[in-house]
Amino acid sequence: MGTSRVGGAVIAGARGLYLAVVSLAGGIIFFVNAVLAIAFIPLGIGVLTTPLVLTYLRKYANLRRVQAGEWSDVHIPIPYRPFPPNMRRGLMGQVDRCHLMLKDPATWRDLQWLLVDMTAGFVVAIFAPALLLYMLYGWVLAFGVWEPIYNAGGGEWYAFIHVTSQTDANYAAALGTALFVLGIFVNPALIRTHFRLARTFIAPTTSMRERELALRVDHLTETRHDAVDTSAAELRRIERDLHDGAQARLVAMGMDLGTIEALVESNPAKAKELLAKARQNSGEALTELRDLVRGIHPPVLAERGLGDAVKALALRLPVSTEVDVELRGRAEAPVESAAYFAVSESLTNVIKHAGADRIWVDLHHSEGMLRIAVTDNGKGGAALGTGSGLSGIERRLGTFDGVLAVSSPVGGPTMVTMEIPCELS
Amino acid sequence: MRVVLAEDLFLLRDGLVRMLEAFDFEIAAAVESGPELTKALAELQPDVAVVDVRLPPSHTDEGLQCALAARRAKPGLPVLVLSQHVEQLYARELLADGTGGVGYLLKDRVFDAAQFIDAVRRVAAGGTAMDPQVIQQLLSRRSADQPLGALTPREREVLELMAQGRSNAAIAAQLVVTERAIAKHTSNIFGKLDLPVSDDDNRRVLAVLAYLDQGR
């Protein structure tokens with residue numbers, strides 16, 4: 001029997017004691033409060049208290065979900081439906097929240113779990129410390145404490161042993177020791193059982209998962225539509241730019257060259273003038289093509305990746321910009337491109353609207369997430385909503401499951417944070 | 001003067017070879033990839049290298065990286081970098097070691113043979129040749145700030161040409177004024193920008209770029 005096993009059992013015993021206390025106390029407190037809050041809904045007051053109590057209940061349940069994963073490797077996913085992003089504020093928002101929470105089946109399963117947790121969950125958990133600690137009492141009896149109890153007329157029972165003599169007390173001590181040994185072997189399993197019991201109640205059910213999948217499909221369909229629309233618009237823009245710009249200039253150049261061919265002997269001065277114009281046209285065609293390429297896929301991005309591309313972008317801004325990059329590799333090209341243009345659009349917004357004289361861009365990657373923050377010391381008051389440039393960025397990131405958050409109190413500063421899940425290579 | 005040329009597009013490489021030969025340059029090697037360039041620069045010890053930023057096998061900034069590595073191995077090795085686009089980021093990397101003998105031009109500048117050859121010669125002689133676009137970006141970025149705002153339009157024009165790497169004589173020729181007038185403008189500029197005066201063409205550019213970098 002290794003010391004690690006004993007140590008593990010003792011830790012499991014301590015956790016069992018903790019879980020027993022918490023499941024009993026927490027169960028009673030949350031269940032009573034939740035039932036009261038819901039019961040008071042018809043009176044009105046419950047509408048305000050229910051979301052509050054349920055929010056705390058969810059936090060409590062989430063804490064146990066985390067403990068289940070950390071202590072016993074039992075993974076319990078979170079089943080709650082997310083709130084829609086554009087919730088109303090104030091009293092009406094609270095009513096909406098109450099309604100949405102009561103409609104969520106996970107709420108009712110939480111309440112069922114509280115009942116099971118404070119009974120069966122408690123019993124399973126309390127066994128873990130009990131198996132270890134009961135031995136002490138057996139030994140205390142065996143060391144002579146049985147005698148005064150017996151003499152005082154107490155019919156002391158140790159488990160199923162009626163202790164009336166030293167022999168009985170010795171049996172008790174032996175039984176206690178046996179229970180201790182048993183505890184060493186079963187304690188971690190007891191804790192795991194406690195969490196498995198919880199999992200059957202507070203993990204998402206099949207129908208909840210199906211609903212979640214359906215929502216995910218809806219979301220993907222929506223972002224795909226956005227992506228298709230955006231790329232179609234982009235293609236139209238490129239086609240138009242080529243047609244009106246570089247292509248037209250090349251045609252003009254060809255015409256000039258034709259004229260030059262005819263004039264070169266009869267009017268060399270005029271031919272020379274046209275040659276200069278042709279060269280100018282070719283130069284301008286090149287500039288237009290270059291700008292077009294920069295708009296599709298900036299050369300620095302292709303050559304150096306996101307970090308240097310953003311640095312190069314910052315160098316062209318009229319506002320002093322600090323760029324901090326912490327990327328240990330490159331993301332896939334489409335992700336890089338989306339991130340680059342998102343940053344570029346945010347910076348354009350800052351220049352156009354914020355009236356800032358300093359900008360900070362911070363790029364880093366950790367735990368499978370590319371995080372970008374664009375902060376300025378401008379006048380603030382930027383909002384996410386229909387029609388703002390920020391929703392364009394949000395759509396762009398949405399295609400890659402990325403999200404955008406804006407913090408911009410009136411008076412500034414404004415901080416735009418973007419997160420895109422991706423791996424670097 | 002011996003030149004190593006690196007350019008992956010055959011047509012452009014061929015054109016450059018012919019143009020350089022027409023102006024009495026000796027082509028020591030004309031290569032088409034990064035590794036070949038590195039080898040040629042190490043073995044042939046050319047007087048100047050003309051290098052495309054994007055080269056195989058990576059087709060990213062392989063040419064620029066090779067040039068920078070070669071200059072680290074042999075400080076002051078004259079390198080003229082050609083690119084389809086110009087970025088201040090790359091210009092700074094080229095100028096960073098401060099030893100001179102660098103150029104960074106848009107590929108279109110090749111169209112004007114006389115100017116292009118002038119740039120190659122200037123770089124080979126240890127001077128600089130910066131593309132007007134890089135300089136314009138730098139100047140427009142800082143134009144709102146003091147003390148650049150204190151310059152007269154003529155002085156700004158002179159500063160722009162000076163930053164490209166031109167000598168006073170060349171600036172005088174371009175602006176059709178006397179060299180003495182340019183010398184007066186430059187000393188005014190240095191005075192307004194609070195820069196120590198120096199005779200060296202290359203030091204002038206570095207001083208200008210360093211100044212333009214400061215405000216960030």
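These are my notebook entries on what I looked up in a predicted model of two chains, A and B.

**Entry 1: chain A as a whole**

I began with the make-up of chain A, for which I found 12 helices and seven strands. Of the 425 residues in chain A, 38% are buried. I then looked at contacts in chain A between residues at least 6 apart in sequence, and noted that 69% of them join residues at least 24 apart.

**Entry 2: the annotated transmembrane regions**

Next I turned to UniProt, where an unreviewed entry carries the annotation "transmembrane region" for residues 12-32, 38-57, 113-137 and 171-191 of chain A. I checked two of these spans in the model. Residues 12-32 of chain A are 100% helix and 0% strand, with the end C-alpha atoms 29 Å apart. For residues 113-137 of chain A I also read 100% helix and 0% strand, and there the end C-alpha atoms lie 33 Å apart.

**Entry 3: Leu190(A)**

I picked Leu190(A) for a closer look, and located this residue in helix α5 of chain A, which covers residues 166-202. Is Leu190(A) buried or exposed? Its relative accessibility is 18%, and because buried means under 20%, Leu190(A) counts as buried. When I set aside neighbours within four places in sequence, the residues in contact with Leu190(A) were Val124(A), Phe127(A), Ala128(A) and Leu131(A). I also noted Ile126(A), which is 64 residues from Leu190(A) along the chain, while the two C-alpha atoms are separated by 9.1 Å.

**Entry 4: where chain A meets chain B**

I then asked how many residues of each chain are in contact with the other. The answer is 21 residues of chain A and 23 residues of chain B. The area buried between the two chains is about 1,900 Å², and carbon and sulfur atoms give 45% of that area. On the chain A side, Glu303(A), Arg304(A) and Leu315(A) supply 39% of the area that chain A buries against chain B, more than any other three residues. I counted six salt bridges between chain A and chain B. In one that I followed up, Arg304(A) pairs with Glu93(B), and the closest N and O atoms are 2.6 Å apart.

**Entry 5: Asp52(B)**

Moving to chain B, I looked up Asp52(B), which UniProt lists in an unreviewed entry under "modified residue: 4-aspartylphosphate". In the model I found Asp52(B) in strand β3 of chain B, which covers residues 48-52. Asp52(B) counts as buried because its relative accessibility is 4%. Which residues does Asp52(B) touch, not counting those up to four places away in sequence? I listed Ala6(B), Glu7(B), Asp8(B), Gly63(B), Leu64(B), Leu82(B), Ser83(B) and Lys107(B).

**Entry 6: helix α9 of chain B**

I checked the length of helix α9 of chain B, residues 179-193, against what its 15 residues should give. At 1.5 Å a residue the helix should span 21 Å, and its end C-alpha atoms are 21 Å apart, so the two values agree. I noted Ile182(B), Thr186(B), Ile189(B), Phe190(B) and Leu193(B) as the buried residues of α9(B). They cover an arc of only 95 degrees around the axis, which means that they lie on the same side of α9(B). On the face turned away from that buried side I found the exposed residues Arg180(B), Lys184(B) and Gly191(B). After α9(B) comes Asp194(B), with a positive phi near 60 degrees.

**Entry 7: backbone details in chain B**

I kept one background point in mind for this last entry: most residues other than glycine have a negative phi, and most peptide bonds are trans. Asp24(B), which is not a glycine, has a positive phi of about 65 degrees. I placed Asp24(B) in the loop between α1 (10-22) and β2 (26-31) of chain B, and its relative accessible area of 66% makes this residue exposed.

The loop between β3 and α3 of chain B gave me two items to record. His59(B), which lies in this loop, has a positive phi near 55 degrees although it is a residue other than glycine. With 44% relative accessibility, His59(B) counts as partly exposed. Pro57(B) is found in the loop between β3 and α3 (62-73) as well, and a cis peptide bond with omega of about 0 degrees joins Pro56(B) to Pro57(B).

Note on methods: Residues are numbered from 1 along each chain as its sequence is written. Chains are lettered from A and ligands numbered from 1 in the order in which they are written. This is a predicted model: local features need pLDDT of at least 70, side-chain atom pairs count only at pLDDT 80 or more; totals for chains, interfaces and linings use all residues. Side-chain values use heavy atoms; hydrogens and water are left out. UniProt positions are given in the numbering used here, feature names are shortened, and annotations may be inferred rather than shown by experiment. Helices (H or I, at least four residues) and strands (E, at least two) are DSSP runs, numbered from the N terminus. The expected span of a helix is 1.5 Å times one less than its number of residues. Buried means under 20% relative accessible area, exposed over 50%, partly exposed in between (1.4 Å probe, protein chains only). The arc is that of the directions from the helix axis to the C-beta atoms. Contact means heavy atoms within 4.5 Å. Buried area is the accessible area (1.4 Å probe) that two parts lose on being put together, summed over both. A salt bridge is a side-chain nitrogen of Lys or Arg within 4 Å of a carboxyl oxygen of Asp or Glu.
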